[in-house]
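Colleague: I should be grateful for a close look at how one pair of helices packs in this model. Please begin with the residues that meet, and then set that contact beside other local features.

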Amino acid sequence: MKFAVSLTMERFSPDVPMERVKSNLLQLARVADEGGFEALWTAEHHTLECTISPNPFQTLVWLAQHTDRIRLGTSTLVAPYWNPIRLAGESALCDHLTNGRLEFGIARGSYQYEFDRMAGGMPQQEGVAYMKEIVPAVKKLWSGDYAHEGHYWKFPRTAAVPKPLQQPHPPIWVAARDPGTFDWAIANGASILSTPLSAPAAEIQVLSDKFHKAVADHPEVPRPRFMMQRRTCVYDRPDGGELAVKHSMDYGRAFENLMQNIGAVRDGFPEAVPYEAVKGKDNYNPENIRKNLMFGTPDEAIEKLLAYEAAGVDQYCLGLTFNLPFELQKRTLELFISEIMPFFAARENEQKHVAVGR
C-alpha cells in the first residue's frame with residue numbers, strides 16, 4: 001500500500017494572511033515530496049475560504065516547481081463546471097508543466113452551495129451525468145480531432161492543444177461511493193477515489209466490496225487502482241488527540257452547512273451549523289471520531305491502516321485539510337515518513353519475497 005496526501009490552501013478567519021496559507025501548503029508539499037509520498041491531491045472548490053482552489057491546475061503547476069518526484073493530482077475536478085475542450089487543453093498543459101506528473105481526478109461535485117452559484121442551482125446529484133459525458137469526450141480530444149454531439153455539450157471537430165505529455169493520457173481517477181459510479185468508472189478504465197467520510201471502520205469494507213465487484217464485472221479492463229482518503233492526524237502521545245478531535249468536529253459542522261445548504265456563508269467563510277442540525281450525530285461523538293478517523297499514535301495508525309490494506313486499498317490518502325494547526329499537519333507527515341511508511345514498505349518487500357519463493 002502506498003501513501004498520498006490531500007492538501008489545499010485553507011483559512012477559517014480573515015485574520016490569517018494568504019501569504020501564510022500559501023507558505024504552509026508549500027512547506028507541507030515539500031515534506032511530502034522529500035519523504036516519499038506517492039501523490040499529492042488538491043481539490044476544486046469555489047467561493048469558499050476553507051478550500052481555496054478555484055483552479056487546481058494552477059496550484060499543481062506551482063507545486064511542481066518546488067517538488068521533484070511526487071505525483072500531482074486533482075481531487076477532484078467538478079465535471080459540470082467545465083467545458084470539455086477547455087478541460088482537455090488545461091489538463092494537458094498542466095501535464096507538460098508538471099513534467100508528466102499529473103493524475104486526473106474528476107467527480108460530479110459535492111456542495112449544493114457551490115452548485116447554486118456555479119451551475120445555476122442544479123441539484124448536485126445531477127452532476128454524475130455531466131461527468132459521464134465529459135470524461136469520454138476529454139479522452140477523445142486528447143487523442144486527436146473529435147466532434148461531439150452530446151446532451152450537455154456540442155462542438156465541431158477539434159483536438160486538445162496541447163496533447164498530454166503522458167501517453168495515451170494521464171491516469172484518470174473518478175470519485176465514487178455508489179455502485180453505479182464504481183461500475184461506470186472501471187468500465188471506462190478509470191481508477192477509483194473514495195472515502196468512508198466519518199463512518200465506522202465497517203464502511204471501508206463496504207466500499208472495497210463495491211470496488212471488487214465492479215472489477216470482477218469487467219474482466220476485459222486491466223485492474224485499476226483504488227485510493228481511499230480519511231481525515232488524518234498522528235501524534236506522539238496517546239493523549240495527543242484532543243485538538244484534532246475538536247477541529248474535526250468544527251470542520252464537520254461547516255461541511256454540513258455546505259452539503260445541506262442550511263447555514264450562512266459570509267465573505268467566503270461558512271458558519272458551523274448547530275449540532276442539532278447535523279446528520280449522523282454519532283459521527284460527532286468524540287470517542288467515535290478518535291476510533292473512526294485516522295487519529296492516533298503511529299502504532300494506533302498502523303493498526304487502523306492494516307484494515308485498509310486488507311480491503312485491497314492501493315493508496316491511502318491522508319486528509320489533512322480540516323483546519324488542523326500547521327504544526328500538527330507537519331508532525332503527522334513526519335511521523336508517517338519516519339514510523340508508518342517504513343512498516344508498510346517492509347511488508348511489501350516481504351510479500352514480494354514470498355511471491356518469488358513460490
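Modeller: In this predicted model, the contact to examine is that of helix 6 with helix 7. From helix 6, the residues Pro179, Phe182, Asp183 and Ile186 take part, and they meet Leu207, Lys210, Phe211, Ala214, Val215 and Asp217 of helix 7. By character, the residues of this contact divide into seven nonpolar and three charged, with no polar ones.

Two packed helices are described by the angle between their axes and the distance between those axes. Helix 6 spans residues 179-187 and helix 7 spans residues 202-217; their axes come within 9 Å and cross at roughly 40°. Helix 6 is therefore oblique to helix 7. The crossing of helix 6 and helix 7 is right-handed.

A second pair of helices may be set beside this one. The axes of helix 3 (residues 84-97) and helix 5 (residues 127-143) come within 9 Å, with a crossing angle of roughly 55°. Helix 3 and helix 5 are therefore oblique to each other, and their crossing is right-handed. Here Pro84, Ile85, Leu87, Ala88, Ser91 and Ala92 of helix 3 meet Ile134, Ala137, Val138, Leu141 and Trp142 of helix 5. The contact of helix 3 with helix 5 is made up of 10 nonpolar residues and one polar residue, with no charged ones.

Helices also contribute to an open space in the model. The second largest pocket holds about 280 Å³ of space. Its lining comprises 20 residues, and Glu10, Asn24, Asn323, Leu324 and Gln329 lie nearest the centre of the pocket. Helix 1 (18-35) and helix 11 (326-357) each supply at least two residues of this lining, and the largest share, five residues, comes from helix 1. The lining residues divide into 10 nonpolar, seven polar and three charged.

Finally, some points of the backbone outside the helices deserve attention. Most residues other than glycine have a negative phi, and most peptide bonds are trans. A cis peptide bond joins Ser75 and Thr76, with omega about 10°; Thr76 is placed in the loop between strand 3 (71-74) and strand 4 (77-78). Another cis peptide bond joins Val161 and Pro162, with omega about 0°, and Pro162 belongs to the loop between strand 7 (154-158) and strand 8 (172-175). Asp267, a residue other than glycine, has a positive phi near 55°. The place of Asp267 is in the loop that runs between strand 11 (265-266) and strand 12 (269-270).

How values were computed: Residues are numbered from 1 along each chain as its sequence is written. This is a predicted model: local features need pLDDT of at least 70, side-chain atom pairs count only at pLDDT 80 or more; totals for chains, interfaces and linings use all residues. Side-chain values use heavy atoms; hydrogens and water are left out. Axes are lines fitted to C-alpha atoms, for helices over the stretch in contact, and angles run from 0 to 180 degrees between N-to-C directions. Helices (H or I, at least four residues) and strands (E, at least two) are DSSP runs, numbered from the N terminus. Angles under 35 degrees count as roughly parallel, over 145 as roughly antiparallel, 65 to 115 as roughly perpendicular and the rest as oblique. A crossing is left-handed if the near helix is turned anticlockwise from the far one by less than a right angle, and right-handed if clockwise. Contact means heavy atoms within 4.5 Å. Ala, Val, Leu, Ile, Met, Phe, Trp, Tyr, Cys and Pro count as nonpolar, Asp, Glu, Lys and Arg as charged, and the others, Gly among them, as polar. On a 1 Å grid over the protein atoms alone, a cavity is a set of points where a 1.4 Å probe fits but cannot get out, and a pocket is an open set with protein on both sides within 12 Å along at least five of seven lines; lining residues have an atom within 4 Å of a point. Grid points are joined across faces, edges and corners, and a volume is the space filled by probe spheres set on the points.
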